[in-house]
Structures are given as structure tokens and as C-alpha cells.
Protein chains: 2
Amino acid sequence: MKKAVLLLSGGLDSSTTLAIAKSEGFLVYALSVFYGQRNEIELIAAKRVAASLGAAEHKILNLDLRLFGGSSLTDQLDVKVHNEQETSIPNTYVPARNTIMLSLALAYAEVTKAQAIFFGANIHDYSGYPDCRPDYINAFEKMANLATKESVLGNKISIRAPLVNLSKAQIIQIGTNLGVDYSLTHTCYDPKERLACGVCSACFYRHKGFMDAQLADPTIYYTG
Amino acid sequence: MKKAVLLLSGGLDSSTTLAIAKSEGFLVYALSVFYGQRNEIELIAAKRVAASLGAAEHKILNLDLRLFGGSSLTDQLDVKVHNEQETSIPNTYVPARNTIMLSLALAYAEVTKAQAIFFGANIHDYSGYPDCRPDYINAFEKMANLATKESVLGNKISIRAPLVNLSKAQIIQIGTNLGVDYSLTHTCYDPKERLACGVCSACFYRHKGFMDAQLADPTIYYTG
């Protein structure tokens, strides 16, 4: 059976990506990296999603990126309320985050002899995140195919980002068709009392996605 | 002042690379990653070397790659006695190790606004390690220049492996000329009572390097 490693944050995108990998017939090895983000609720969501969608294995790695800082998700900075006029890279960008995540996934893929790494990168919502762009993903794949013992043995790895060009509404539609239970997922950058804040960019795009897809948003938002 | 991040294991190669970066006028931010290798003595050596050679900062990150396994340095496998007839990739290869290390260095480089990442990769001694080859290093550099917010702002990063084509004797000669105190460094894969074993591949190449350079080896070897 073909195998894939999947980066699973427990959010909407990575959960949908897990469902896609399963629908393509992959045995899925899920990897969640706890990098010191405030958002520990995501990891609880990741465990629920991995169990619900039938990951073959789910590994959780602790990696404290607060050592480097440089992001509102690792430092004690405020996550901003979503602003549609904002065009610069948001302060939720974590330096080299996807490169670190994909590198760890590459180690896991080599050990499990997986042929693919799936991750839920998407260029639309966070167009400012450099490490979600197709050019970046292709460059990572080229590097990965020179990096490992498996690559020397001729066993290629592909880096798959099936959501990269989809809108949030399209992602939700695909996931719903594949049976993803989005009530298990967690998206918010800045949860209050373990509930989604409803006002950060992550909450904004998630809720808009459900509205655009004309589907009910199962998220319970914090109302103070 | 120009800045560089340096991956510092506390071994001979990375210590020499630190001296080279300093000699080129870089302010050096050293990063040691403790990845669950048995060899904790390396980290003590890394601290001594960073202080001795004047790193501007020295960060130590814990990252337990035993989660994935697949190497004698992370699992409970025996490190083999050096065998000159052996041509396959040795079991000391750690899956995706340099990719993970360089990715973490990339995060550190972005936060410190460093223009270069130095690391002590070398193709000769461990010709089987895929992630020490120039093609791999070039591919990592291309990927890194698409990965970060700094790269989007036009601030390029270069991945520097100044030892990549040098013999161990040449490395030791250069380091000696730059004032590296090799008695502070630690190389052995399989130390006994905190002393170098003298028989693993790392010890073999280190000692041969000193002999070829016609310099005294300051290493204290375990004699049982």
C-alpha cells in the first residue's frame, strides 16, 4: 500500500488534506509539531481528526520555536483582528515554519518509506506567506530528492499541496464530500476560553469559507 | 557588521567553520541542536568552542529525533568500528538531519537578519551522506531563497560549506592557523566514560587527519 506523511495541525486545511490523501489510497502517517504556539487546542483537534479520519499513525513532536521568536504565534505579541486592507505579510508568519515542518516530515517519510508528503498550504488566504507558494514547494521537493538516503537509492518523494490553489469554500466543499467533520477541527489563532475568537484572520477566512460554500459553520465562537 | 548563523556540533569540522566565519568578518550566531543523539558530550564541547572562538550568541535547541529513529545515533543500535572497505551509507546517517538542521538555522538567520548560514559539511570522510554533497547544498540554498519573508524583501541568504571539498588534514591545518584549540572539540560517535572511543569512523578520520597534517592530536582516547 502506498504511504504518505501528512502535516496535521488540526485545522481545516490539514484535515481536508488528510481526507484527500486517504481518498487517493494512501496509508497516512500524520505528524503534528507543537512549536510553542499558544494554540495548544490545535493539537487536541489534531488528535481527534487523526482518529476520526483513520491515520495509520500519529506522531507529535515538541519543538520550541520560541527560542528564535519573530512571530505573534511564538512571542507574546497580539494577534491582530482581521483587516481586509492589510496587504503585507502578517505578524502570524513564523520564520521558516513550513521549511522546518517539511524537513521533519521528510525524516518521518524516509523512516516509513513514504512516497509523498502532503501538507495543507494554500496561497489565497495568506498570500503573504512565502512558504505557501508553488515555487517554494517545487524548490523544497527538488532539495528533498537530493537530501536523503532513500533519494540516493532512487526512491523519489513528492511534496503534495492539493489545496494550494483552492478557495476556502472549495476546500470545505471537497472535505464535506469526503466526510470530514469540521466540528472536530480548530482554526483560530487566538482562542478565548478554548473557543475560536471569531475576529482573527484565521477565523475570518474560515467563516467566510463556510458562507461562500453555503454550508453551516459548526464552529462555536467566543462571545465574551 | 555582517552576520552569519553557524551550525555548531562541537566537533572538529563545525569548530573550524566557526573560525573561518569569524576570519571573514562575520558576527557569528551559533546554533547547536540536541537531537537525542547519545553524544551529549558534543554539546558541552559546543559551549566551550562557542565561548573560546567568540560567538556573538549560542542557542541550544532540543529536538528529539528518536521519535523517528532510523539511525544508530538516535536508536539503540551499535555504532560500528571503522571499516575502510565499507562503501555504503553508514548507519550513523540520520534521516534528513542536515535538512532539519539547516531549516532551524534558516529560522534563526531570518530573526537575526543574517546573510549567511555556515555549516561544516564535508564530502570526503562520509561520502555516503547525501546531505553533505554540493548539489544538495545548492538546492537547499535555492529553496531557502524562496522560503522566507526576508527573501521576499530581497534579502538573500547564502548557504556556506567552506570545508566541503577539503581533506581532514587541510581542515585541521586551516583551523590551527586560525587559532582553533582542538582539545576543546569532540568528534567521537561512541564515547566511553566521556572519552573518545578511538575506533569509530569519526575517531578514525579525526586521528588520521592530525597524522596527515603532521600535527599532534590533542584527543584523549579511551584505553579501557
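**Exercise 1. The interface**

How many residues of chain A are in contact with residues of chain B?

*Solution.* The model is a predicted one, in which local features need pLDDT of at least 70, side-chain atom pairs count only at pLDDT 80 or more, and totals for chains, interfaces and linings use all residues. Residues are numbered from 1 along each chain as its sequence is written, while chains are lettered from A and ligands numbered from 1 in the order in which they are written. Taking two residues to be in contact if their C-beta atoms, placed from the backbone, lie within 7 Å, we find 35 residues of chain A in contact with 35 residues of chain B. Next, we ask which elements supply them: strand E3 (57–62) and helices H3 (97–112), H4 (134–147) and H5 (149–152) of chain A each give two or more residues to this side, where helices (H or I, at least four residues) and strands (E, at least two) are DSSP runs numbered from the N terminus. H3(A) gives the most, with nine residues.

**Exercise 2. The symmetry**

Determine how chain A is related to chain B.

*Solution.* Copies are superposed by least squares on the C-alpha atoms of residues with pLDDT of at least 70 in both. A turn of 180 degrees with a shift of 0.0 Å along the axis lays chain A on chain B with an RMSD of 0.0 Å. That is the relation of a two-fold axis. Finally, 100% of the interface residues of chain A are also interface residues in chain B, so the copies meet through the same surface.

**Exercise 3. Two helices**

Describe which residues of H6(A) and H7(A) are buried, and what covers them.

*Solution.* A residue is buried if 20 or more other C-beta atoms lie within 10 Å of its own, exposed if 12 or fewer, and partly exposed in between, with C-beta atoms placed from the backbone. In H6(A), the buried residues are Lys168(A), Ile171(A), Ile172(A) and Gly175(A). Seen down the helix axis, they fall within an arc of 95 degrees (that of the directions from the axis to the C-beta atoms), so they line one face of H6(A). What covers them includes H1 and H7 of chain A. Turning to H7(A), we find Ser201(A), Ala202(A), Cys203(A), Tyr205(A), Arg206(A) and Gly209(A) buried, and these pack against helix H1 (12–23) and helix H6 (168–177) of chain A. After H7(A) comes Gln214(A), whose phi is positive, near 55 degrees, and just after H6(A), Gly179(A) has a positive phi of about 85 degrees.
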